[in-house]
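Reader: I would like a close look at a single part of this model. Please start from one residue and work outward to what surrounds it.

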Amino acid sequence: MTAKLILLRHGESEWNAKNLFTGWVDVDVNDKGRAEAIRAGELLAENDLLPDVVHTSVLKRAITTANAALATADRSWIPTKRSWRLNERHYGALQGLDKSATREKYGEEQFMIWRRSYDTPPPPIEPDAQFSQFDDPRYAGLPPEARPLTECLADVVVRMLPYWYDEIVPDLRTKTVLVAAHGNSLRALVKHLDRISDADIPQLNIPTGIPLLYELDDDMRPVTEGGRYLDPEAAAESITAVANQGKK
Ligand SMILES: O=C(O)[C@@H](CO)OP(=O)(O)O
């Protein structure tokens with residue numbers, strides 16, 4: 001029997017729409033994002049993919065998306081687990097900056113290194129900067145050295161995988177699992193699942209609000225590489241939009 005894993009990036013956020021680097025800043029979804037979340041719930045129900053448990057980050061754009069999708073599919077009652085390990089990549093000193101202005105100021109190459117290189121993080125944010133989360137109470141249980149001031153995707157893989165192995169995989173043995181998270185934390189998970197190389201991972205973008213189904217074998221390996229978006233046309237359109245962010 002195959003396990004069913006549904007990955008869902010949050011719907012469009014207020015800062016996605018404004019074209020700002022977001023990272024750990026706790027921005028909610030906007031009206032379009034809410035509608036995407038409801039559509040995601042309809043897609044789950046239409047495809048008879050009703051989650052038994054949901055895992056989210058501790059950021060409200062993922063929580064709101066999961067809640068709206070599950071309410072639409074009449075699954076609001078399922079157990080919920082949340083972890084900072086599913087958070088978006090911390091965008092360091094870029095958090096709060098306009099993507100287009102950053103691209104113009106530093107050039108396309110540096111912009112893409114910060115956005116999509118596997119192992120080069122943006123400059124760290126000052127702990128007391130406006131958009132720092134260093135003293136946010138939701139991370140108070142973490143020792144200071146575990147509270148990031150910036151992250152590259154490789155850092156996200158390292159902090160996300162313990163949660164995958166310890167919390168998500170055990171659920172997958174008996175349950176249909178929904179993971180509601182973020183563009184870059186889901187890129188880290190898809191990289192792991194599909195064994196995407198460090199060289200190829202910059203090309204992967206995750207659309208907002210469209211469920212991505214992975215059926216996994218006993219070794220928790222995808223039966224079909226890349227999984228399957230429940231709305232492939234909308235996914236393709238959104239993937240292009242994400243890839244082109246900062247270019248206008
Ligand atoms: O700003 C961010 O936190 C992320 C996701 O919205 O953006 P990007 O796709 O540029 O990594």
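Where is the place of Leu86?

Author: This is a predicted model. Leu86 sits in a loop. That loop runs between strand S3 (80-82) and helix H4 (99-106).

Start with burial. Leu86 has 28 other C-beta atoms within 10 Å. A residue counts as buried at 20 or more, so Leu86 is buried.

Next, its partners. Setting aside neighbours within four places in sequence, Leu86 is in contact with His55, Thr56 and Ser57. Met160, Tyr163, Val179, Ala181 and Ser185 are also in contact with Leu86. Take Val179 from that list. Leu86 and Val179 are 93 residues apart along the chain. Their C-alpha atoms are separated by 8.7 Å.

Val179 leads to the core. The largest nonpolar core has 42 residues. Leu7, Ala69 and Val179 touch the most other members. Several elements each supply at least two residues of this core. Among them are three strands: S1 (3-9), S4 (177-181) and S5 (212-216). Helices H2 (31-46), H3 (60-72), H6 (153-172) and H7 (183-194) do so as well. A second, separate core has 5 residues, including Leu20, Phe21, Tyr91 and Trp114.

Now Ala69. Not counting residues up to four places away in sequence, Ala69 touches Leu8, Ala37, Ala40, Gly41 and Leu44. Ala69 also takes part in the contact of H3 with H2.

Look at that helix pair. H2 and H3 pack at an angle of about 45°, with their axes 7 Å apart. The angle makes H2 oblique to H3. Their crossing is right-handed. From H2 come Gly33, Arg34, Ala37, Ile38, Ala40, Gly41, Glu42 and Leu44. From H3 come Thr64, Thr65, Ala68, Ala69, Leu70, Ala71 and Thr72. By class, the residues of this contact are 8 nonpolar, 5 polar and 2 charged.

Back to the end of the loop that holds Leu86. That loop leads to H4. H4 packs with helix H5 (residues 108-116) at an angle of about 130°. Their axes are 6 Å apart. This angle makes H4 oblique to H5. H4 contributes Thr102, Arg103 and Tyr106 to the contact. H5 contributes Glu108, Gln110 and Phe111. The contact of H4 with H5 has 2 nonpolar, 2 polar and 2 charged residues.

In short, Leu86 lies in a loop, is buried, and is in contact with Val179.

Definitions and conventions. Residues are numbered from 1 along each chain as its sequence is written. This is a predicted model: local features need pLDDT of at least 70, side-chain atom pairs count only at pLDDT 80 or more; totals for chains, interfaces and linings use all residues. A nonpolar core is a set of buried Ala, Val, Leu, Ile, Met, Phe, Trp, Tyr and Cys residues joined through C-beta atoms within 7 Å. A residue is buried if 20 or more other C-beta atoms lie within 10 Å of its own, exposed if 12 or fewer, and partly exposed in between; C-beta atoms are placed from the backbone. Helices (H or I, at least four residues) and strands (E, at least two) are DSSP runs, numbered from the N terminus. Two residues are in contact if their C-beta atoms, placed from the backbone, lie within 7 Å. Axes are lines fitted to C-alpha atoms, for helices over the stretch in contact, and angles run from 0 to 180 degrees between N-to-C directions. Angles under 35 degrees count as roughly parallel, over 145 as roughly antiparallel, 65 to 115 as roughly perpendicular and the rest as oblique. A crossing is left-handed if the near helix is turned anticlockwise from the far one by less than a right angle, and right-handed if clockwise. Ala, Val, Leu, Ile, Met, Phe, Trp, Tyr, Cys and Pro count as nonpolar, Asp, Glu, Lys and Arg as charged, and the others, Gly among them, as polar.
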